[in-house]
Amino acid sequence: MSTGNTANTAPAASLPPSIIAAPYKWLDPSKIPPRPWIYGQQLLRGSVSMIIAPGGAGKTALATGMALSLVTGRDFMGSKVCGGPKKVWLWSLEDSIEELSLGVQAAASYWDISEDDQSGKLFLNSALNGDHLKLVSNRNGGLKEDFDLAEAIVSQLVENAIDVFFIDPFVSCHDANENDNKSMDAVVKLLALIAYEANCSIVLLHHTNKGFGQVDENSARGASAVVNAARSVVTINPLDGSDVKLYDIDEDKIASYIKLHDRKNNRISACRSSSYFKFESVMLKLSDGNEESVGVIVPADLEIHEVQDLTEHQIAQIQLEMDEGFCRHDPQSPKWIGRTVASIMNLDAGKKNHKILIIDQINKLETNGFIKCEIAKGKNSRDYKIYSTVDKAKAFSKSNGINNHIN
């Protein structure tokens with residue numbers, strides 16, 4: 001209402017934004033388009049994924065193997081390449097083009113990939129060769145997103161029809177405070193916008209905090225907003241004691257194996273699955289005429305080493321050998337009881353993973369009352385430990401002695 005005095009007229013109240021709640025339109029599931037998976041159920045168009053591991057655990061080698069699987073359309077890394085060969089961009093912020101090339105050529109040699117197989121589908125950039133990448137910076141105490149750089153990246157992704165974009169490592173694509181959730185949320189949200197605009201999948205290779213043992217999604221370096229914003233998170237771990245016990249792996253090769261764990265996946269219900277890989281050495285002849293070893297990560301075909309508990313008949317055999325002197329407690333002794341157990345169970349007492357299984361059976365024999373540990377006197381009056389029979393097993397019984405024995 002006007003008062004006639006324009007000088008004192010109050011400004012008109014601004015209208016609230018027009019917001020309309022949209023009713024849901026029922027859809028037949030058969031009419032809904034499938035999710036745009038690119039690589040198994042790990043990489044999805046328009047989203048950001050992460051690979052988390054300590055330095056030197058194999059992130060770059062894994063990304064290289066994934067990249068070659070994608071560009072060839074071959075499933076040799078264990079995940080399906082959906083819809084045929086893809087285009088991949090690897091941008092390293094800590095390795096040179098020469099070092100990246102060693103990894104690519106070694107993996108190509110291992111998988112018998114030719115130049116024609118990847119022609120025009122693989123792109124490599126390196127900060128060490130001048131291609132720097134800083135999407136978000138701290139300026140005068142505030143965050144500054146480089147939208148011009150983001151637009152330039154989107155332009156290259158679209159122009160080259162790139163499907164998957166790897167950034168290695170994530171920490172080097174910004175200089176924001178990595179321990180501040182607001183800052184990290186801004187960085188990952190900008191990357192998610194790039195993935196959406198370019199209709200590609202972005203994979204961030206990310207380090208862990210120092211001091212972590214087994215790596216999970218909470219081991220990621222910096223603020224939790226990084227992992228929270230990612231749609232898929234895969235971790236890399238060395239094999240632990242349970243893996244060594246389960247699989248028949250030579251002691252000197254254990255360090256060559258790693259375990260990938262699908263720790264977080266916002267688009268499928270069945271995550272938390274594990275897969276196993278190993279490092280293979282590929283010899284490449286370089287420009288000086290000499291050969292050099294380059295590590296390549298490949299899927300490991302591990303078979304579960306099933307060990308049945310000792311039968312009562314087998315326990316009786318062990319007790320007979322104990323009577324012959326093979327009763328020592330010390331695994332270093334030539335007459336260690338475990339050597340008899342190993343022989344009966346077709347195990348190798350010299351292998352670390354087999355020794356774990358042997359000791360487990362010895363402990364069960366003691367727990368179930370077939371043997372006991374006691375102190376004996378040596379010729380020089382020094383004490384040593386031996387096992388002696390408590391309850392004699394039935395030599396001709398075929399029952400499972402450990403599980404069926406009643407104390």
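**Salt bridges, enclosed space and local backbone features**

In the predicted model, Asp185 is partly exposed, having a relative accessible area of 27%. The side chain of Asp185 takes part in a salt bridge with Lys189, in which the closest N and O atoms are 3.1 Å apart. Lys189 likewise falls in the partly exposed class, at 48% relative accessibility. Because the two residues lie 4 positions apart in helix α5, about one helical turn separates Lys189 from Asp185.

This pair belongs to a set of 9 salt bridges in the structure. Side chains of opposite charge can pair when their charged atoms come close. Asp323 and Lys392 form another of these contacts, with an N to O distance of 4.0 Å. Since Asp323 is part of helix α8 (residues 312-323) whereas Lys392 belongs to the loop between β15 (383-389) and α11 (401-404), the pair ties together parts that are 69 residues apart in sequence. Asp323 is classed as exposed, with 52% relative accessibility, and Lys392 is also exposed, with a relative accessible area of 56%. A further salt bridge, again with an N to O distance of 4.0 Å, joins the side chains of Lys372 and Glu374. In this case Lys372 is partly exposed at a relative accessible area of 41%, and Glu374 is partly exposed at 31%. Asp309, Asp360 and Lys364, in turn, are connected through a network of salt bridges.

Empty space within the model was examined next. Rolling a probe the size of a water molecule over the atoms shows where empty space is left. Over the whole structure, the search returns 1 cavity of 30 Å³ or more, and the space in the largest cavity amounts to about 70 Å³. The lining of this cavity is made up of Thr60, Ala63, Thr64, Leu90, Trp91, Ser92, Leu100, Phe166, Asp168 and Leu205. Two or more of the lining residues come from each of the elements α1, β4 (88-92) and β8 (164-168). When sorted by class, the residues around the largest cavity comprise 6 nonpolar, 3 polar and 1 charged.

The second largest pocket contains about 220 Å³ of space. Its lining consists of Thr60, Ala61, Thr64, Asp95, Glu99, Leu100, Gly103, Ala107, Val294, Gly295, Val296 and Ile297. At least two lining residues are contributed by each of α1 (59-72), α2 (97-110) and β13 (291-299). The composition of this lining is 6 nonpolar, 4 polar and 2 charged residues. Thr60, Thr64 and Leu100 appear in the lining of the second largest pocket and also in that of the largest cavity.

Several backbone features were also noted. Most residues other than glycine have a negative phi, and most peptide bonds are trans. Asp168, one of the residues lining the largest cavity, is joined to Pro169 by a cis peptide bond with omega of about -5°. Pro169 itself is situated in the loop between β8 and α5 (181-198). Ala161, although not a glycine, has a positive phi near 50°. Ala161 is placed in the loop between α4 (147-159) and β8, where its 44% relative accessibility puts Ala161 in the partly exposed class. Asn346 also has a positive phi, in this case near 60°, and is found in the loop between α9 (337-345) and α10 (352-367). With a relative accessible area of 69%, Asn346 is exposed.

At the surface, Tyr24, Trp26, Leu27 and Ile32 make a nonpolar patch of about 560 Å². Within this group, Trp26 is located in the segment before β1 (37-39) and counts as exposed, with 77% relative accessibility. Elsewhere in the chain, Gly130 occupies a position in the loop between β5 (122-126) and β6 (136-139) and is partly exposed, with a relative accessible area of 45%. Gly130 and Leu93 are 37 residues apart along the chain, and their C-alpha atoms are separated by 9.8 Å.

Key:
Residues numbered from 1 in each chain as written. Predicted model: local features only at pLDDT ≥ 70, side-chain atom pairs only at ≥ 80, totals over all residues. Heavy atoms only, no water. 1 Å grid on protein atoms, 1.4 Å probe; cavity = no way out; pocket = protein on both sides within 12 Å on 5 of 7 lines; lining within 4 Å. Points joined across faces, edges and corners; volume = space filled by probe spheres on them. Nonpolar A, V, L, I, M, F, W, Y, C, P; charged D, E, K, R; others polar. Patch = residues over 30% accessible without salt bridge, like charges linked within 9 Å, V, L, I, M, F, W, Y side chains within 5 Å. Areas by Shrake-Rupley, 256 points an atom, 1.4 Å probe, with all protein chains shown as cover. Buried < 20%, exposed > 50% of the residue type's maximum accessible area, 1.4 Å probe, protein only.
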